[in-house]
Amino acid sequence: MVMPPLPVPVDFHPPNRTSPPWFEHAILQGQPEVLLQCPYLALVNGKLSAVAKLQRLLAQLPPVNTTTRWQCNMCGLTYRGRKKCPQCGTGIYSRE
């Protein structure tokens, strides 16, 4: 009976100010030939894997713009930061 190769473990790298969280194969702790089966690297039937297609689609999305300037319709105050009027104490009357 042939034992299947053990998967290559991954190391988690938490997010920081310059990069999002990511995983990296710990090549020295596993069998490097198993990396050929990694969905991020392997072709499926000679075509890009579903993961690679998803990554390509995500790269085409427009950036997310976060609103940080608000105007409260209740008191008329214009403020920055979190959507919570410092004068009224609520954000339900605020708009971009």
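In the predicted model, Q71 of strand β3 is paired with R95 in strand β5. Strand β5 comprises residues 94-95 and runs antiparallel to β3, the two being joined by two bridges. Q71 also has a bridge partner in strand β4, namely T78. Strand β4 covers residues 78-80, and three bridges connect it to β3, again in antiparallel orientation. The β3 and β4 strands form a hairpin in which five residues lie between them. Within this turn, G76 adopts a positive phi of about 85°.

In a regular strand, side chains alternate between the two faces of the sheet. Such alternation is found along β3, which spans residues 69-72. The side chains of W70 and C72 are directed to one face and are buried, whereas those of R69 and Q71 are directed to the other face and are not buried.

The loop between β4 and β5 contains T90. This residue counts as partly exposed because its relative accessibility is 21%, and the buried class requires a value under 20%. When neighbours within four places in sequence are left aside, T90 is in contact with K84 and C85. The C-alpha atom of T90 is separated by 9.0 Å from that of C72, with the two residues 18 residues apart along the chain.

Elsewhere in the chain, F23 is located in strand β2, residues 22-25. F23 counts as exposed because its relative accessibility is 58%, and the exposed class requires a value over 50%. Together with V10 and F12, F23 forms a nonpolar patch on the surface. The accessible area of these residues together is about 330 Å².

Notes
Residues are numbered from 1 along each chain as its sequence is written. This is a predicted model: local features need pLDDT of at least 70, side-chain atom pairs count only at pLDDT 80 or more; totals for chains, interfaces and linings use all residues. Side-chain values use heavy atoms; hydrogens and water are left out. Patches are made of residues with over 30% relative accessible area and no salt bridge: like charges are joined within 9 Å, nonpolar side chains (Val, Leu, Ile, Met, Phe, Trp, Tyr) within 5 Å. Accessible areas come from the Shrake-Rupley method with a 1.4 Å probe; for residues, only the protein chains shown count as cover. A salt bridge is a side-chain nitrogen of Lys or Arg within 4 Å of a carboxyl oxygen of Asp or Glu. Helices (H or I, at least four residues) and strands (E, at least two) are DSSP runs, numbered from the N terminus. Buried means under 20% relative accessible area, exposed over 50%, partly exposed in between (1.4 Å probe, protein chains only). Two strands pair if DSSP finds at least two bridges between them. Contact means heavy atoms within 4.5 Å.
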